[in-house]
Every structure is written in structure tokens, then in C-alpha cells.
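Colleague: I am new to this structure. Please pick one part, look at it closely, and then place it in the whole.

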Amino acid sequence: MRRTPPTLPSSDLGHLADDIRRLFDDLDQTMSGAGGYSSSECTPPLDVFETDRALEVRMDVPGVPPDSLRVVFKHGVLIIAGAKAPTIGTLPLSATFHLVEREFGRFARAVRLNGAVDVAQARAKLARGELRIVVPKMADRRGQEMRIPIESGPMEPGA
């Protein structure tokens, strides 16, 4: 059975667009002087899945160095932004292309993470062209007995 992805309210979409613009500005400043980046856009494929202990996102980003990537979590949304340089500049000027399928340029992907996650313990690793982001889940404490300690003495107002 195929589930439809959750949609963002329109007010959240405006904030998300602002966040992505800021990430692109940050990337542009970091990579100024690197050259070779275009204003075109690409869409690296990604997988999102859940295990017993974490939510994981894996994205194919071959040829993208770590300093060309940003991963941010805000308002329940994981944003992955980056830029992939074209390899065309490394080829001889006399080269004639017969087929061009590889994408390059800037990209941003947003993934809503549902459930209680521990973003402070999240980690991301780039290896062999794959970005792997692991966001641990928080233990579900609903329905568990939570003991409240009893102190003696007068109770302070508002405390």
C-alpha cells in the first residue's frame, strides 16, 4: 500500500522557502571562488525510512564534497541543501557529447519527520557518494507510570 506524503500548510511553505534561500546564500558564500557552479538545479534521489531506533535519510550525492552540503532541522522538517559542480569543465574543449544525463547545480530537499526525534543526537555522514542522516527516535513514554516525588512543607504560589 502506498502512503501519500504529508503536506505542509501554506504558511510553513513560505518559511521553508526562506530557510532554503538562506541555506543557498550560505553555500554561495562558502563556495565563492570555487567556480564551476551553475544556477541550474538538480534533484538527487533520496530514501527515507524508519527503524526501531531512528529515522534515516539517505541521499545520492556523488561528486559533492561535504563543504557543499548543509543539513538543517527546523519546525519538524529536515532540509538538505547543496550544490554539485558540473564535470564538463574538466573535459577537453574539443569533446562532443552524445548523451548527457547527469544533473548538476544547486539542490534542496525537505523531508517532514513525524514523531518524537532527538535532533541533538542526530548525525550525518558522507561516504562513497551517499549522504546518510540518522535521527534517533525518543523513547515513547506515553502510558508509562511516572512517579512524582512528594515533598513536605508549604507549597509556593505558582510553583
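Modeller: Start with Leu91, which lies in the loop between β4 (77–84) and β5 (105–112). Strands (E, at least two residues) and helices (H or I, at least four) are DSSP runs, numbered from the N terminus. The model is predicted: local features need pLDDT of at least 70, side-chain atom pairs count only at pLDDT 80 or more, and totals for chains, interfaces and linings use all residues. Residues are numbered from 1 along each chain as its sequence is written, and side-chain values use heavy atoms, with hydrogens and water left out.

Leu91 is partly exposed, at 37% relative accessible area. Buried means under 20%, exposed over 50%, and partly exposed in between (1.4 Å probe, protein chains only). Leu91 joins Phe97 and Val100 in a nonpolar surface patch, and together they have about 270 Å² of accessible area. Such areas come from the Shrake-Rupley method with a 1.4 Å probe; for residues, only the protein chains shown count as cover. Patch members have over 30% relative accessible area and no salt bridge; nonpolar side chains (Val, Leu, Ile, Met, Phe, Trp, Tyr) are joined within 5 Å, like charges within 9 Å.

Now the whole. The protein has one helix and seven strands. Along the sequence the pattern reads α-β-β-β-β-β-β-β. Of its 159 residues, 25% count as buried. About 12100 Å² is exposed, and carbon and sulfur atoms supply 51% of that area. Contacts (heavy atoms within 4.5 Å) are often long in sequence: among those with a separation of 6 or more, 65% join residues 24 or more positions apart.

Salt bridges come next. One needs a side-chain nitrogen of Lys or Arg within 4 Å of a carboxyl oxygen of Asp or Glu. The count is three.

Lys137 and Glu50 form one of them, at 2.7 Å, N to O. This pair links distant parts of the chain: Lys137 sits in the segment after β7 (130–136), Glu50 in strand β1 (residues 46–50), 87 residues apart. Lys137 is partly exposed at 29%, whereas Glu50 is exposed at 53%.

Glu56 has two partners. Its side chain meets Arg58 at 3.2 Å, N to O. Arg132 meets Glu56 at 3.1 Å, N to O. That second pair also spans distant parts of the chain: Arg132 in strand β7, Glu56 in strand β2 (residues 54–60), 76 residues apart. The shared partner joins Glu56, Arg58 and Arg132 into one network. Glu56 is buried, at 7%. Arg58 is partly exposed at 27%, and Arg132 is partly exposed at 35%.
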